[in-house]
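Me: Please take a close look at one part of this model, the small sheet and whatever packs against it. Keep it to one connected account, and give the cut-offs for the terms as they come up.

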Amino acid sequence: MDSRPHIVVVEDEASQRQLLVGYLEKQNFRVSGADGGPALRKLIERELPALVLLDVGLPGEDGFALARWLRERSGRIGVIMVTAASETVDRIVGLETGADDYIAKPFEPRELLARVKSVLRRSAGAAPTTGTRVRMGRRVLDLERRTLADPGNGSEETLAASEFDLLKVFAENPNRPLNRDWLLEVTAHREMEAYDRAIDLRITRLRKKIEIDPAHPDAIRTVRGVGYMFVPPKD
Ligand code: CA
């Protein structure tokens, strides 16, 4: 698998989009272009990128709305707003949209690169999954080897793709309520069995594996009206 950071460039103007995609590709990032909200949503369903470069002036849903939507999905995606000179910047960064930074057109490619690198560094630093092992309940998820280890007896279990995908999303989004429909979208496995598609069934199976007491789940909690939330062990 390609381990380079994945950046999505959302820009409705084709020539500008291609310019940015080409420039970032030359800097050795993996880059996808999207011409607006619908294309961005499609990309996000497949994979959470490391960073999204978001043009503010888009037809349909504007960049602000998309930034908020991204933030509801994951705190780990870096967001840089790209603004036209005429747009006021005070509402861009901060709590209102959740963007990490902004850059005003026209900008120097080098300035953009510096901001991209800085946001990527910050989001990597904020990542809850430092390293590849994440404690979940009484087990430890190994993100590289796709296994679930039991420190109690040293045993290790290889996870089915459908189970691994779901635990990985939880591991990457601790303490964040995750919407059930969204979980289904981002973890729907290629060879979809009806069985694997049901989030609730998968959660039940995973709770049996990782919870100390599956009848009273503590690691993967139910969030009423939303879905589920992973809560890392306290100590
Ligand atoms: Ca535009």
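Reply: What follows goes from the strands to the helix beside them and then to a second helix.

This is a predicted model, in which local features need pLDDT of at least 70, side-chain atom pairs count only at pLDDT 80 or more, and totals for chains, interfaces and linings use all residues. Residues are numbered from 1 along each chain as its sequence is written, and side-chain values use heavy atoms, with hydrogens and water left out.

The sheet is open and has four strands in the order 6-7-8-9, paired antiparallel. Strands (E, at least two residues) and helices (H or I, at least four) are DSSP runs numbered from the N terminus; two strands pair if DSSP finds at least two bridges between them. Strand 6 (133–136) and strand 9 (155–158) are the edge strands, each with a single partner, so one side of each has no neighbour in the sheet. On average, neighbouring strands here are turned by 25° against each other, direction ignored.

At one edge, strand 8 (residues 147–150) pairs with strand 9 in the antiparallel sense over four bridges. In this region Thr147 stands opposite Thr158, which belongs to strand 9. Helix 5 packs on the sheet and touches strand 6, strand 7 (139–142) and strand 8; contact means heavy atoms within 4.5 Å. The direction of helix 5 makes about 100° with that of strand 7. Axes are lines fitted to C-alpha atoms, for helices over the stretch in contact, and angles run from 0 to 180 degrees between N-to-C directions.

Helix 5 (residues 161–172) also meets helix 8 (residues 199–210): their axes come within 10 Å and cross at roughly 80°. That makes helix 5 roughly perpendicular to helix 8 (under 35 degrees counts as roughly parallel, over 145 as roughly antiparallel, 65 to 115 as roughly perpendicular and the rest as oblique).

From helix 5, the residues in this contact are Ser162, Glu163, Leu166, Leu167 and Phe170. Helix 8 brings Ile199, Arg202, Ile203, Arg205, Leu206, Lys209 and Ile210. By class, the contact of helix 5 with helix 8 has seven nonpolar, one polar and four charged residues (Ala, Val, Leu, Ile, Met, Phe, Trp, Tyr, Cys and Pro count as nonpolar, Asp, Glu, Lys and Arg as charged, and the others, Gly among them, as polar).

To sum up, helix 5 packs on the sheet and also has residues that meet helix 8.
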